[in-house]
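Trainee: I have a model with a ligand in it. How do I read the spaces in such a protein?

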Amino acid sequence: MKSIQEIVTQTEFSDEDIIRLLSVTDKNEVEILRQAAFDRATEHLGNQVYYRGLIEFSNICTLDCRYCGIRKSNHDVPRYELEKDHIVSAAVWAAENGYGSICLQAGERRDPKFVDFVIDVLETIHEKTVSETLPNGLGITLSLGEQTLEVYEAWAKAAGNPVGLRYLLRFETSNPDLFDHLHCAPGKHEKGLERRYAALANLRKAGYQVGSGVMIGLPGQTLEDLCKDIRTFQKLDLDMIGMGPYITSAGADMLGEGMMEKKALMRLSLNMIAVTRLVIPDVNMAAATALHALEEDGREQGIRHGCNVVMPNITPRIVRKNYQLYANKPFIEQEPSDSNHYLQNCIEKSGRTVGLNVLGSSVHWLKRVKKI
Ligand code: 5AD
């Protein structure tokens, strides 16, 4: 049998290799995997970690994903919607503080009022953030769910920055039965895995750097499922990957199904990150905030295992506590500048530097569109 050391030096991996790497728990083997993933990231992407300032501008949601703390049927969460001025100020703050990009996230809505609101916000952010340091304005990542191609195109145009235009839409799991279990409350079929893949194809058509990902440690999910998730990342030719541990949430429908024990969940999540980095070395990969919800140094660990993006929460503090997709979300009470210092420290402790005032686009994308 091949040793872990032998497997990690490969550039092509069989399903068997992937599953073996995903299951390592021995301290020495874990360290071999971690170091290999970190080195592969350095080799393909350099030493910088990029910020995406996360603005969670509304928790109003029309859908009922069973794992999510802000699903429509959770009536215990006060709903909010930030005003345009507050969103724009947060974006301008990000630009002035060296963040090359922001990420706008909200509950899923498809009504014309919402679509137009996003257009208006994007146009204003672009107008206010073009500067000498950011000649194309802030990079924009949207995380606003499944929309039509026309809506994706309208938002792309409004963002005004085709070289810093990105969208995150996780497919959550590539196992179709598990996907249905996660999304379909009895009698409802709001979401389908094939439709999710079609939306990802439309995002590519509309010119976005396309990001997707999964939750790790879902009830019933197997290592074979996670291996298939990685194969799906390859097949979709993703530019960005974001994934994190599944954590139960008080307001979610799946609370009763429980979650993995914390230590094992953290190990599996970090293994999944490291293996993904080895298999697809040139994608941008975010150290999810959910890692931090499990362990104090979770995002630092993510970077040590091959992540090169962090998403500091810059949502105005007054509404932050109402955007809890899962329990124990960090930085509910902090001002943006606090989490800034914290994250800088965390990046530097893991041996990286912060990439300030740059877009930090996905190298995978740059190669595909022949910009490098
Ligand atoms: N635990 C972990 N991640 C979650 N998300 C939603 N609910 C949870 C949860 N309970 C993630 C989903 C979604 C992203 C916005 O947040 O993967 O795509």
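Trainee: How do the residues of the shell around the ligand divide into nonpolar, polar and charged?

Mentor: Sort the shell by class, then put names to it. In this predicted model, the shell has 8 nonpolar, 1 polar and 2 charged residues. The residues around the ligand are Y67, C68, Q105, R170, E172, M215, P245, Y246, I247, L325 and Y326.

Trainee: Which polar side-chain atom lies 2.7 Å from an oxygen atom of the ligand?

Mentor: Look for N or O pairs within 3.5 Å. One is supplied by the side chain of R170, with a polar atom 2.7 Å from a ligand oxygen. E172 also places a polar side-chain atom by a ligand oxygen, at 2.6 Å. I247 uses its backbone instead: an N or O atom there lies 2.7 Å from a ligand nitrogen.

Trainee: How much of the ligand does the protein bury?

Mentor: Compare the ligand alone with the ligand in place. Alone, the ligand exposes 410 Å². The protein buries 86% of that area.

Trainee: What is the space taken by the ligand?

Mentor: A cavity is closed to the probe, whereas a pocket is open. Here the ligand takes up the largest cavity. That cavity holds about 1,100 Å³. Its lining counts 50 residues, and Q105, S143, R170, E172 and L325 lie nearest the centre.

Trainee: Which element gives the most to the lining of the largest cavity?

Mentor: Count lining residues element by element. β7 gives the most, with 5 residues. Among the others that supply at least two are β1 (48-58), β3 (139-143) and α11 (289-294). By class, this lining has 28 nonpolar, 12 polar and 10 charged residues.

Trainee: How many cavities of 30 Å³ or more does the structure hold?

Mentor: There are 2. The second largest has a volume of about 30 Å³. T289, R299, M311, P312, N313, P330 and F331 line this second cavity.

Trainee: Now the open spaces. Which residues line the largest pocket?

Mentor: Take volume, lining and class in turn. The largest pocket has about 290 Å³ of space. Its lining is T25, K27, V30, E31, R34, K263, M266, R267, L270, E295, Q301 and H305. α3 (27-45) and α10 (262-279) are the elements that each give two or more of these residues. The classes are 3 nonpolar, 3 polar and 6 charged.

Trainee: And what is the volume of the second largest pocket?

Mentor: About 190 Å³. Of its 14 lining residues, G69, N74, V77, G251 and Q324 are the closest to the centre. That lining divides into 6 nonpolar, 6 polar and 2 charged.

Note on methods:
Residues numbered from 1 in each chain as written. Predicted model: local features only at pLDDT ≥ 70, side-chain atom pairs only at ≥ 80, totals over all residues. Heavy atoms only, no water. Near = heavy atom within 4 Å. Polar contact = N/O pair within 3.5 Å; in protein donor to acceptor, adjacent residues only side chain to side chain. Areas by Shrake-Rupley, 256 points an atom, 1.4 Å probe, with all protein chains shown as cover. 1 Å grid on protein atoms, 1.4 Å probe; cavity = no way out; pocket = protein on both sides within 12 Å on 5 of 7 lines; lining within 4 Å. Sits in = over half its atoms within 2 Å of the grid points. Nonpolar A, V, L, I, M, F, W, Y, C, P; charged D, E, K, R; others polar. Points joined across faces, edges and corners; volume = space filled by probe spheres on them. Helix = DSSP H or I, 4+ residues; strand = E, 2+ residues; numbered from the N terminus.
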